[in-house]
Amino acid sequence: MIHCTGCNAKAIKACSSKTKHFAFTGSVPIAHNPRYSLDVECMQALGNALKESTSLTVLSLKGTRLNQASLEALGNGLWNSQALETLQLSHCAMEVADVYLLAVALQCNQHLMALSMAHCKIGVAPLSE
C-alpha cells in the first residue's frame, strides 16, 4: 500500500476504530524519503483515531519520516489518547525541532507505558524559538 496514493488514509480510517494494533513499516534504510512514509493525511487519520478510539492500544510507525506537518497532525491524537499504551517509532527520521513537538504531545499522554525510538535518525536542524 505504500505507493497507493490516497488509499492509505482511507484504509487507516476504515480499520483504526476496530483494531487494537496498527502498524506501518516503511522502508527502513530510506526513512528520510517522504515517498516511503505516511503522508500528512494519513497522520491526521491516525491522530483522529488515537483521539477517538478506546481500543487502539499499540501504534507502530517503524521506518517512516516524521516531519513537522506529520507530527502536528498526529500530535493532537497522542496528546488526547485515552487508550494508547505502546508507541513504536524505531528507525524513524525526524529533525531536532520536530522531536520537541513529539515530546510535548507525549508529555500530556497519561496512558502510554512503552515508547521505542531505537535507531532513529535525528537531524541537526536548530531548535526554533
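Here are three short exercises with worked solutions on the structure above.

The model is predicted, so local features need pLDDT of at least 70 and side-chain atom pairs count only at pLDDT 80 or more, while totals for chains, interfaces and linings use all residues. Residues are numbered from 1 along each chain as its sequence is written, and side-chain values use heavy atoms, leaving out hydrogens and water.

**Exercise 1. Find how many helices and strands the chain has, and in which pattern they follow.**

Step 1. Start with the terms: helices (H or I, at least four residues) and strands (E, at least two) are DSSP runs, numbered from the N terminus.

Step 2. Count them: the chain has four helices and six strands.

Step 3. Read along the sequence, and the pattern is α-β-α-β-α-β-β-α-β-β.

Step 4. Add burial: 41% of the 129 residues of the chain count as buried. Buried means under 20% relative accessible area, exposed over 50%, and partly exposed in between (1.4 Å probe, protein chains only).

**Exercise 2. Work out which residues of helix H4 are buried and where they lie around the axis of H4.**

Step 1. Locate the helix: H4 covers residues 96–107, and its 12 residues reach 17 Å from the first C-alpha to the last. That is close to the expected 16 Å, where the expected span is 1.5 Å times one less than the number of residues.

Step 2. Pick out the buried residues of H4, which are Asp98, Leu102, Ala105 and Leu106.

Step 3. Look down the axis of H4: the buried residues fall within an arc of 95 degrees, so they line one face of the helix. The arc is that of the directions from the helix axis to the C-beta atoms.

Step 4. Turn to the face away from the buried side of H4, and you meet the exposed residues Tyr100 and Gln107.

Step 5. Find the partners: the buried residues of H4 pack against helix H3 (68–80) and strands S3 (86–88), S4 (93–94) and S5 (114–116). Contact here means heavy atoms within 4.5 Å.

**Exercise 3. Decide whether Serine 60 is buried or exposed, and list what Serine 60 touches.**

Step 1. Place the residue: Serine 60 belongs to strand S2 (residues 58–60).

Step 2. Check its relative accessible area, which is 13%, so Serine 60 is buried.

Step 3. Leave out residues up to four places away in sequence; Serine 60 then touches Phe22, Ala23, Phe24 and Gln88.
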